[in-house]
Amino acid sequence: MNFTAIAAIYKFEMARTFRTIMQSVISPVISTSLYFVVFGAAIGSRIEEVDGVSYGAFIVPGLIMLSLLQQSLTNAAFGIYFPKFVGTVYEILSAPISAFEIVIGYVGAAATKSIALGLIILATAALFVDLRIEHPLWMIFFLVLTAVTFAMFGFIIGIWADGFEKLQLVPLLIVTPLAFLGGSFYSINMLPEFWQDVSLINPVVYLISGFRWAFYGASDVSIAVSLGMTLVFLAATLGAIAWIFKTGWRLKS
Amino acid sequence: MPASSDASPILAVQGVSKTYEGGFQALKAIDLEIAKGEIFALLGPNGAGKTTLISIICGIVNLSSGTITVDGHDIDRDYRAARKKIGLVPQELTTDAFETVWDTVSFSRGLFGKKKDPAHIEKVLRDLSLWEKRDNRIMTLSGGMKRRVLIAKALSHEPELLFLDEPTAGVDVALRREMWAVVRKLREAGVTIILTTHYIEEAEMMADRIGVISRGELILVEEKTELMRKLGHKELTLHLQEPLGAVPEGFSDYDLSLSEDGSSLTYSYDTNAERTGIASLMRRLAEEGIRFRDISTKQSTLEEIFVNLVEERA
């Protein structure tokens with residue numbers, strides 16, 4: 001293992017985060033706070049408890065997930081897309097480093113950043129609502145697993161994208177709708193039966209459900225199913241990345 | 001240092017071809033060996049395959065067939081060992097934008113698995129006149145400075161084999177000379193250098209051996225001096241006081257030609273021949289009463305040799 005190289009990529013990516021600290025950290029915190037003000041305090045006060053939890057507290061896991069998904073994805077996607085775009089990827093490709101190590105560097109940095117962000121949002125949320133976390137270790141586990149999975153998904157998108165539109169297409173047109181419809185702001189049990197069944201196609205349902213279970217012990221789907229689906233998604237992204245490096249798809253001609 | 005057959009080569013390319021997805025064959029069965037410590041210049045017109053060959057060796061482009069070893073390490077099976085020895089300065093000015101010079105050069109060293117060595121980075125930056133700019137963001141640098149940054153990145157991990165792909169394209173004269181000085185220093189330190197260039201003058205000045213690539217084929221590999229000797233010749237031009245109608249009779253044993261207006265007589269000769277024949281020609285001309293007001297000589301340059309070679313093939 002070329003640990004020095006992994007560290008170099010990781011540090012490079014983290015430095016990028018700190019250079020763009022405003023957009024990296026502060027803007028998600030502000031937007032999350034706005035969600036709390038609007039949905040938690042203003043509208044939430046008129047909504048009854050969901051699964052025995054006040055609405056303001058109920059949306060916390062979903063909000064964290066929403067940011068986690070978007071941030072892991074866009075960070076990793078941008079991290080690998082930018083070198084491709086400006087051409088500096090030549091150095092990564094010509095370095096004595098394996099595909100696996102490259103992925104650890106980029107995905108690790110993207111996941112670190114989004115996990116840190118998730119925790120910051122959690123801390124911000126604690127200022128607005130009474131939080132309780134019944135299974136803190138599972139909470140961290142889901143946080144890390146989801147961050148890594150979506151960072152890998154983002155890495156694939158960054159390699160696939162050949163323009164900035166494509167880079168924004170997937171987060172905007174796929175991830176955000178899936179996250180909103182995946183139960184960030186409601187329990188899918190609140191939906192008519194037909195739409196509950198439709199919702200189960202949405203992979204984000206399982207992530208949010210599992211994550212919320214770690215907080216309040218209640219979930220839309222069983223925790224084992226949540227965990228299983230998350231791992232399936234992780235395996236799928238791993239497989240795709242292995243294939244990309246094996247064939248050099250969009251990286252090497 | 002000329003290539004010697006007994007020492008194991010730092011680079012061995014065997015039967016390497018490359019066909020791109022669209023069907024374009026960029027390289028056709030290239031064979032090439034580079035000896036340790038030599039400077040090798042790869043010449044060829046645009047699109048001849050120079051950059052493709054370099055990119056394959058460095059791992060940026062996949063090869064279609066053939067094998068390549070770097071200091072005995074196969075570039076596919078043993079890519080870590082092979083790539084550790086290679087430094088690449090790409091043709092395009094592909095740099096980061098927001099990082100500082102120091103950070104980007106240190107990053108390159110780390111990427112190649114080398115432990116931190118600020119003293120080495122400092123030396124590289126000083127050699128390339130980048131030391132003063134070490135804390136500047138790359139985006140604030142001029143094109144010439146960015147070119148230096150690329151060289152510094154390639155040298156950060158102390159490569160044994162350095163590829164310079166058109167290092168002086170679009171670079172002003174002063175910087176070009178500075179780069180040549182850096183190349184000489186590296187050679188003294190034992191680094192093997194492979195450069196591609198459009199400036200034949202550069203190859204002429206720097207290289208030990210020259211390879212000419214045209215349409216994906218390596219059509220010639222020769223020591224520079226040998227190439228110049230074999231294919232080069234010299235011309236002596238006599239600017240006459242009185243124009244002549246034809247080459248005077250009795251000079252058939254000299255390779256003479258008369259300019260169209262008859263005002264100058266050109267004598268081609270081999271500089272390596274035992275006798276150039278200049279002295280006897282002058283004497284004979286004087287005897288014939290042919291006077292001249294000026295003389296000039298011209299050595300055929302590598303450029304002319306190169307153009308002839310590529311045109312012959314076309």
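This is a short dialogue on reading some features of a predicted model.

Visitor: Where should I start with chain B? Which domains does the domain assignment give?

Guide: Two ranges to find. Domain 1 of chain B covers 11-229, and domain 2 covers 234-300. Their centres, taken over C-alpha atoms, are separated by 45 Å.

Visitor: Now the sheets. In what order do strands 1, 2, 4 and 5 of chain B stand?

Guide: Read across the sheet, not along the chain. The order is 2-1-4-5, in an open sheet with antiparallel pairing. Strand 2 (25-34) and strand 5 (73-74) of chain B are the edges; each has a single partner strand, so one side of each lacks a neighbour in the sheet.

Visitor: How many bridges join strand 1 and strand 4 of chain B?

Guide: Five bridges, in the antiparallel sense, between strand 1 (residues 11-19) and strand 4 (residues 65-70) of chain B. For one facing pair, look at A12(B), which stands opposite T69(B) in strand 4 of chain B.

Visitor: What packs on that sheet?

Guide: Helix 1 (residues 50-58) of chain B does, touching strand 1, strand 2 and strand 4 of chain B. The direction of helix 1 makes about 65° with that of strand 2 of chain B.

Visitor: And which strands are at the edges of the sheet 12-13-11-14 in chain B?

Guide: That sheet is open, with four strands and antiparallel pairing. Strand 12 (256-258) and strand 14 (292-299) of chain B stand at its edges, each with a single partner strand, so one side of each has no neighbour in the sheet. From one strand to the next, the twist averages 20°. Strand 12 of chain B pairs with strand 13 (residues 264-269) of chain B over three bridges. There, L256(B) stands opposite Y267(B).

Visitor: On to helices. What describes two packed helices?

Guide: The angle between their axes and the distance between the axes. Take helix 7 (residues 164-184) and helix 9 (residues 203-216) of chain A: the angle is about 50°, and the axes are 8 Å apart. That makes helix 7 of chain A oblique to helix 9 of chain A. The crossing is right-handed.

Visitor: Which residues of helix 7 and helix 9 of chain A meet?

Guide: From helix 7 of chain A come L178(A), A179(A), G182(A), G183(A) and S184(A); from helix 9 of chain A come V204(A), V205(A), I208(A) and S209(A). The residues of this contact divide into five nonpolar, four polar and no charged.

Visitor: Last, how many residues does each chain give to the contact?

Guide: Chain B gives 28 residues and chain A gives 20. On the side of chain B, helix 2 (79-84), strand 6 (86-89) and helix 3 (101-111) each give two or more residues. By class, that side has 12 nonpolar, seven polar and nine charged residues.

Definitions and conventions. Residues are numbered from 1 along each chain as its sequence is written. Chains are lettered from A and ligands numbered from 1 in the order in which they are written. This is a predicted model: local features need pLDDT of at least 70, side-chain atom pairs count only at pLDDT 80 or more; totals for chains, interfaces and linings use all residues. Two strands pair if DSSP finds at least two bridges between them. Axes are lines fitted to C-alpha atoms, for helices over the stretch in contact, and angles run from 0 to 180 degrees between N-to-C directions. Domain bounds come from an automatic or database domain assignment. Two residues are in contact if their C-beta atoms, placed from the backbone, lie within 7 Å. Ala, Val, Leu, Ile, Met, Phe, Trp, Tyr, Cys and Pro count as nonpolar, Asp, Glu, Lys and Arg as charged, and the others, Gly among them, as polar. Angles under 35 degrees count as roughly parallel, over 145 as roughly antiparallel, 65 to 115 as roughly perpendicular and the rest as oblique. A crossing is left-handed if the near helix is turned anticlockwise from the far one by less than a right angle, and right-handed if clockwise.
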